[in-house]
Amino acid sequence: GRTLADTIIPPSHRAAHAAGIARFLRTGEGPVLGQQLELPALHRDGHEFPAEVAIVAVPHDGGWSFHGFVRDITERNRQRALLEESEQRYRDVFEGAAVSIWEEDFAQVRAGLDALLEAGVTDLRAHFRDHPGVVTDLLRRVRVLDVNQATLRMFGAGSKEELLGALEATFLPESFEVFAEELVALAEGRRFFESEVRLQTLGGERRDVLIRLAFPEERGPVQRVLVTLIDLTSLKQVEAARARSQEQYRHVVEHAPYGMFQSTPEGEFLLVNPALVAMLGFPSEEALLRTDARALYLDPADRDALLAQLQEQERIHGVEVKWRRLGGLPITVRLSGRSMRHPDGGVVYFDLVAEDVTEGRALEEQLRHAQRMEALGRLAGGIAHDFNNLLTVIRGEAELAELDLPEGHVVRVA
């Protein structure tokens, strides 16, 4: 016996409902009648809930009766809100990611691959190699759904429309080879594909990129394939610069006139150069590398003192130690260099230069000996000169005394 309005329509909406009914009865027009509407509805306990409402007007005894159909959509709305929230989080991650992300539809690509397989192609790699135009055709079947802002920055595009309108311009000849491998991965049902590839920006600047595709499992739908690109260009440039630096260092080491070596605190040689091999009389670098560096020191205490200095100062310069050559001949070596350390401060190895100063030290000793002999000679000469002066005086006095002696004196006769 309750009216429709009193049964399902919340009090705040009843006036609008009554006005709509009155207009229908007056004009026969009811825009909302027969429509599915999402409206708040009234529960029997008085609380409101979201509902899908449909109201129809049925002629009855010369008038109209109104029938309402109500479905509680609370759970549906909750699920939709969660989905929208999840989608928004995804969009935030998608657009804010620092790496390039693409959403691509491969449905037409898969159809093309299936057609090739059905036509009897058994070796896709060979087929793509022999028919490069097929690869280009399949590339054009890829439909890009979306790209993020990092992608636009990577390729120097002002908008998504600008980039998507010039996709083939980003490919180089070697890029098609990698795309062919992507196609093979898709045909083989692999879940992931990853490779390095060289692409170019819309301005023609080359980019070294790591590409990764995630395909669905078990030949599932490929309408939404996620592709990520990581720009390796700067890393490649750093690696190339490091390789050049290492090559230059290797050249210096190989042609240096002084011995150069790297050794661990435990005495293992990591690197030796030809000058050090010759200095120590070894037949080859390999033979010296197999030698314990500690065995070179005539006095083990010299090495202990050297390591202590390197631990405290990190660098040393002109430290002289006694080494022995392969045959046991001692040599004097002057060491300079530094210790290379872990981030935690521990020593990894010592990087040192060794100069054989044996001959120089021998010459210095000969010079010092000559200087001592020269000084002794000067001293002896000075003493002789002084003694000769004394003799001259004595002789003069004797001659004068002789003049005072009578003729025939025994002294004068003598």
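These legends walk you through a few views of one predicted protein model.

**View 1. The whole chain gives us a starting point.** This predicted model holds 15 helices and 13 strands. Of its 414 residues, 31% count as buried. The protein exposes about 25800 Å², and carbon and sulfur atoms supply 55% of that area. Look, too, at contacts between residues at least 6 apart in sequence: 51% of them join residues at least 24 apart.

**View 2. Here is helix α6, spanning residues 132-140.** Its buried residues are V135, T136, L138 and L139. These residues sit on the same side of α6, because they cover an arc of only 165° around the axis. Their packing partners are α4 (107-118), α5 (124-130) and α9 (173-187).

**View 3. Now meet an open sheet of five strands.** Following the order β10-β9-β13-β12-β11, you will find antiparallel pairing. The edges belong to β10 (269-272) and β11 (315-324); each has a single partner strand, so one side of each is left without a neighbour in the sheet. From one strand to the next, the twist averages 30°.

**View 4. Let's zoom in on β9 and β10, which run antiparallel.** Strand β9 covers residues 259-263, and three bridges join it to β10. To find one of these strands' links, start at Q262, whose bridge partner in β10 is L271. Helix α10 (residues 233-255) packs on the sheet here, touching β9, β10 and β13 (347-356). The direction of α10 makes about 125° with that of β9.

**View 5. Another helix, α13 (residues 300-313), packs on the sheet.** This helix touches β11, β12 (330-341) and β13, and its direction makes about 165° with that of β11. With 14 residues, α13 reaches 20 Å from its first C-alpha to its last, close to the 20 Å expected at 1.5 Å a residue.

**View 6. Which residues of α13 are buried?** They are R303, L306, L307 and L310. Because these residues cover an arc of only 95° around the axis, they lie on the same side of α13. A handy rule helps here: an α-helix has 3.6 residues a turn, so residues three or four places apart point the same way. The buried residues of α13 pack against β11, β12 and β13, whereas D304 and E312, on the other side of the helix, are exposed. Just after α13 comes E314, which takes a positive phi of about 70°.

Key
Residues numbered from 1 in each chain as written. Predicted model: local features only at pLDDT ≥ 70, side-chain atom pairs only at ≥ 80, totals over all residues. Heavy atoms only, no water. Helix = DSSP H or I, 4+ residues; strand = E, 2+ residues; numbered from the N terminus. Buried < 20%, exposed > 50% of the residue type's maximum accessible area, 1.4 Å probe, protein only. Contact = heavy atoms within 4.5 Å. Areas by Shrake-Rupley, 256 points an atom, 1.4 Å probe, with all protein chains shown as cover. Arc of directions from axis to C-beta. Pairing = 2+ DSSP bridges. Axes fitted to C-alpha atoms, helices over the stretch in contact; angles between N-to-C directions. Expected span 1.5 Å × (residues − 1).
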